[in-house]
Amino acid sequence: MSNPHHTEDNTLAGKIKKNVGVSLVKCYQCGKCSAGCPVSGDMDYPPSLLIHKLQTGLPNHEEDVLRSKSIWYCLSCEMCIARCPMEVDIPPMMDYLRGESIRLNKANPAAKNIIKFHKAFLNSIKNTGRLYEMGLIVDYKMKSLNMMQDVTLAPTMLAKGKLKIFPEMIKNRKNIRQIFLNTINKQK
Amino acid sequence: MKLGFYPGCSLEGASREYNESVMAIAEKIGIELVSIPDWNCCGATAAHNLNKELSLSLPARNLALAEEAGLTELVVPCAACYSRFTMVQHELMHDEPLHKRVNEIIGKEYKGNLRILNVIQFIDEYVIDKLDENVKFEFNKKVACYYGCLLVRPNKVLKFDRTEDPQTMDIVMKKLGADAIDWAYKTECCGAGFSVSFTEAVARLSGNIVEDAVHRGAEAIIVACPMCHSNLDMRRKEIDKFNGKKSDIPVIYITQAIGVALGIDHKKLGLQRHFVPVNLKDFKPFVKKEIDVEKPQNMEVE
């Protein structure tokens, strides 16, 4: 039975609470997450400010969050949750925000290479079941058009036996394709 | 003795020396590592950054296959794969509907009866007691043990070592005769999966780690994660550019260090595969000493 005095929380913070179980009201803005975050200096809003914006529940602030560089620069290093006195679990919140940002077509242009790399990475798994590093590099270069990046790295890796020419294919690739079709490639 | 094994993609490719050294020490002490049949990639950062269900399902398929193969303990040397597996196991065991949903997606049933060990836990439980009788050389070097992120965080789920000043690798290295230094960057992030897509950040973060280790007189950085290794080793050109000076401190997997002490051929341990040459010589014959270390207590988790 739904409680008539309890309306559904449609703010982004409410969706975070509902979907990943992270309660942002617990944050009292001590800033330890931002102090420990290794990339807060690269971010447009450090983690504690992202949370503050979400706490307001105002559409313009939520828009800032979904369009921020911050959510893409997050390394998922888990330092924030390790040091948070209130155990506000920021990494799953970041995962959720990234998913929403892509879904709503709001990803920050500064993150385009990071997203292209993730997509090239997943493509490799979808096709072979494993990560094929050589294929990943080529696919990423085609997607990002950074043809000259790291051109000296690959030959040295090859010489040291660190790069495989051919991909490793798992046997049950059908199972992997099924997993992709049931998740990230699901028809809505 | 047989244990389950998940190499992961890095160990089959760019970090094959990690695999070679794990296999070499396992063979030396008589442990057979059995790979999960038809294992797939864990999805790493890419999957959990883009789609939650995918990031749960890819590791879950491996865990289900391991159970099907009758494995009960699984050694996962890659810190990123270890983190994904442990997180997925934790989430599925604490969320019944999600567990059911993931079993449907993968078309298999993962029951959750698997113990997942990272490389240090593997060493701690199966290798360390056999060291005294097998070690030939003393690893008489000053080393900086670098844990990075995914072995120690989040502590609530992994329940492994201390999160701010972990000691397990330091203890292993001290047992081998090394001088494991105190330093400031033990658990700072190296930049992880951004090596290609955000290289400037990796140069800075890894640059700070290398700089601090060198500054405190370390002769080698000891790691247990293929991403930490490739960033600190293969990105040295970018690191040196960021620091404005050349550095020649090698980055060695803990399994390679153990292998060296066990007297295993350096080639077999893949030490020639590093970008930063490993020129450690003059290892003295090993003499067992009592070391003054206390095993770190795990943080209390309610």
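Which residue just after H10(B) takes a positive phi? The legends below, drawn from a predicted model, begin with that helix and then move to the contact between the chains and to chain A.

**View 1. Helix H10 of chain B and the residue that follows it.** The residue in question is B:Gly217, which comes just after H10(B) and takes a positive phi of about 85 degrees. Helix H10 itself covers residues 199–215 of chain B, and because each of its 17 residues should add 1.5 Å by the usual rule for the span, a length of 24 Å is expected, which agrees with the 23 Å between its end C-alpha atoms. Many positions along H10(B) are buried, among them B:Thr199, B:Val202, B:Leu205, B:Ile209, B:Val210 and B:Ala213. The cover over the buried residues of this helix includes two strands of chain B, E5 (142–145) and E7 (220–223), as well as two helices of that chain, H11 (226–234) and H12 (236–243).

**View 2. The contact between chain B and chain A.** Chain B brings 59 residues to this contact and chain A brings 55 residues, and between them the two chains bury about 4,900 Å², of which 59% lies on carbon and sulfur atoms. Three residues, B:Asn49, B:Leu50 and B:Phe194, supply 13% of the area that chain B buries against chain A, which is more than any other three residues supply.

**View 3. Charged and polar pairs across the interface.** Six salt bridges are counted between chain B and chain A, and one salt bridge joins the side chains of B:Lys156 and A:Glu87, with 2.7 Å from N to O. Across the same interface, 24 residue pairs are found in polar contact. Several helices of chain B, including H1 (9–12), H2 (16–28), H4 (52–68) and H10, each supply at least two residues of the side that touches chain A, while H3(B) gives the most, with seven residues. Sorted by class, that side of chain B has 23 nonpolar, 18 polar and 18 charged residues.

**View 4. Helix H8 of chain A and its surroundings.** Chain A has 11 helices and zero strands, and its C-alpha trace spans about 65 × 40 × 30 Å along the principal axes. Of the 188 residues in chain A, 44% are buried. Helix H8 takes up residues 112–128 of this chain, and its 17 residues reach 24 Å from the first C-alpha to the last, close to the 24 Å expected at 1.5 Å a residue. Among the buried residues of H8(A) are A:Ile114, A:Phe117, A:His118, A:Phe121, A:Leu122 and A:Ile125. What covers the buried residues of this helix includes H5 (70–73), H7 (90–103), H9 (133–144) and H11 (173–182) of chain A, together with H3 and H4 of chain B. After H8(A) comes A:Gly129, whose phi is positive, near 90 degrees.

**View 5. The buried residue A:Ser70.** A:Ser70 has its place in helix H5 of chain A, and this residue counts as buried because its relative accessible area is 0%, where under 20% is the cut-off. The side chain of A:Ser70 makes a polar contact with the side chain of A:Asp44, at 2.6 Å. Leaving aside residues up to four places away in sequence, A:Ser70 touches A:Met43, A:Asp44, A:Tyr45 and A:Leu50.

Definitions and conventions
Residues numbered from 1 in each chain as written. Chains lettered and ligands numbered in written order. Predicted model: local features only at pLDDT ≥ 70, side-chain atom pairs only at ≥ 80, totals over all residues. Heavy atoms only, no water. Helix = DSSP H or I, 4+ residues; strand = E, 2+ residues; numbered from the N terminus. Expected span 1.5 Å × (residues − 1). Buried < 20%, exposed > 50% of the residue type's maximum accessible area, 1.4 Å probe, protein only. Contact = heavy atoms within 4.5 Å. Buried area = accessible area lost by both parts, 1.4 Å probe. Salt bridge = Lys/Arg side-chain N within 4 Å of Asp/Glu carboxyl O. Polar contact = N/O pair within 3.5 Å; in protein donor to acceptor, adjacent residues only side chain to side chain. Nonpolar A, V, L, I, M, F, W, Y, C, P; charged D, E, K, R; others polar.
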